[in-house]
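Me: I would like to go through a protein chain with you by question and answer. Please keep the replies short and reasoned.

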Amino acid sequence: MSSISPIKITVDKQAIRRIESDLMHIKNGAPRAMSRAINHTLGVTRTEASKEIRKQVKLKAGYVRDKLTVKRATVNSLNGAIRTPTRGTLLTRYPHTRYKNGVMGVQIKPTGGKKRMPGAFFIRFANGVQGIAIRTKYGPGLGRSEGLKVLYGPSTSQVFTDVKDDLQAPSGNRLMQRLGYEAERLLKWQ
């Protein structure tokens with residue numbers, strides 16, 4: 001299984017020290033402000049990542065949103081992350097059509113038409129999920145699933161790997177702005 005490197009966000013260390021000194025008199029002041037800022041930034045970055053992923057592949061927004069999970073930061077652990085599973089996406093998740101002549105068509109990219117795949121057919125798994133497969137072996141003596149290849153398209157993790165570099169700088173700026181806002185908010189209520 002491959003490991004996906006996370007989005008690296010750099011922060012202004014002097015600004016962090018300044019906020020820590022300003023919130024020193026509040027119990028868990030700096031960690032509270034930082035965890036809130038991190039969690040807010042993660043939510044916005046997740047939405048932006050979903051939009052960028054859907055610019056590259058034609059998947060539904062709800063499906064991409066479900067695949068991009070957020071590990072929230074806490075006062076004790078100031079780490080947050082956006083994760084996505086590394087396994088492939090079934091071609092049935094993409095817009096697909098079965099034409100009258102029995103040929104399947106699937107559209108992976110948001111622009112352009114459906115790519116025709118002669119010899120492809122629907123297959124239903126034991127859990128009820130439907131996929132698209134092709135036969136790779138022919139002949140007698142093959143079991144029910146022998147000689148079949150289930151087809152997959154680009155996964156959300158593959159596309160997320162492509163778009164995460166573009167999200168690093170805006171996310172870092174957003175984090176610093178939100179950190180200032182959360183610190184002001186804590187100071188105002190004390």
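The turns below move from the overall fold to single residues.

Me: What kind of model is this, and how many helices and strands are in the chain?
Reply: This is a predicted model. Read along the sequence, the pattern is α-α-α-β-β-β-β-β-β-β-β-β-β-α. The chain holds four helices and 10 strands.

Me: What percentage of the residues count as buried?
Reply: Buried means under 20% relative accessible area. The chain has 190 residues. The share that counts as buried is 33%.

Me: How much of the accessible surface belongs to carbon and sulfur atoms?
Reply: The accessible surface of the chain comes to about 12,100 Å². The part that belongs to carbon and sulfur atoms is 50%.

Me: Among contacts between residues at least 6 apart in sequence, what share joins residues at least 24 apart?
Reply: A contact here needs heavy atoms within 4.5 Å. With that cut-off, the share for residues at least 24 apart is 58%.

Me: Which residues touch the most other members of the largest nonpolar core, and which helix gives the most to this core?
Reply: The largest nonpolar core has 35 residues, and Ile53, Leu68, Leu91, Met117, Ile132, Phe160 and Leu179 touch the most other members. At least two residues each come from helix 1 (13-22), helix 2 (29-56), helix 3 (61-67), strand 5 (104-106) and helix 4 (156-188). With nine residues, the helix that gives the most is helix 4.

Me: Leaving aside neighbours within four places in sequence, which residues are in contact with Ile53?
Reply: Ile53 is among the core residues that touch the most other members. Outside its sequence neighbourhood of four places, its contacts are Val64, Leu68, Thr156, Val159, Phe160 and Val163.

Me: Is Ser155 buried or exposed?
Reply: Ser155 lies in the loop between strand 10 (152-153) and helix 4. Its relative accessible area is 1%, so Ser155 is buried.

Me: Which side chain makes a polar contact with that of Ser155?
Reply: Beyond four places in sequence, Ser155 is in contact with Thr86, Arg87, Gly88 and Thr89. Lys67 is 88 residues away in sequence, yet 9.5 Å away C-alpha to C-alpha. The side-chain polar contact is 2.9 Å, and the partner is Ser157.

Me: What is the length of the polar contact between the side chains of Thr45 and Ser171?
Reply: Thr45 sits in helix 2. Its relative accessible area is 4%, so Thr45 is buried. The side chains of Thr45 and Ser171 are joined by a polar contact of 2.9 Å.

Me: Why does Asp166 count as exposed?
Reply: Asp166 belongs to helix 4. Exposed means over 50% relative accessible area. Asp166 is exposed because its relative accessible area is 55%.

Me: What distance separates the C-alpha atoms of Asp166 and Glu52?
Reply: Along the chain, Asp166 and Glu52 are 114 residues apart. In space, their C-alpha atoms are separated by 9.3 Å.

Me: What is the relative accessibility of Ala133?
Reply: Ala133 lies in strand 8 (residues 130-135). Outside four places in sequence, Ala133 is in contact with Gly119, Ala120, Phe121, Ile123, Lys149, Val150 and Leu151. Phe122 is 11 residues away in sequence and 6.3 Å away in space, C-alpha to C-alpha. Ala133 counts as buried, because its relative accessibility is 0%.

Me: How many aromatic pairs are there, and which residue lies over the face of Tyr99?
Reply: A search of the whole structure gives zero aromatic pairs. Tyr99 does have a residue over its face, at 3.9 Å from the ring centre. That residue is Arg116.

Notes. Residues numbered from 1 in each chain as written. Predicted model: local features only at pLDDT ≥ 70, side-chain atom pairs only at ≥ 80, totals over all residues. Heavy atoms only, no water. Core = buried A, V, L, I, M, F, W, Y, C linked by side-chain atoms within 4.5 Å. Buried < 20%, exposed > 50% of the residue type's maximum accessible area, 1.4 Å probe, protein only. Areas by Shrake-Rupley, 256 points an atom, 1.4 Å probe, with all protein chains shown as cover. Polar contact = N/O pair within 3.5 Å; in protein donor to acceptor, adjacent residues only side chain to side chain. Phe/Tyr/Trp six-rings, centres within 6.5 Å; stacked < 30°, edge-to-face > 60°. Lys NZ or Arg CZ within 6 Å of the ring centre and 35° of its normal.
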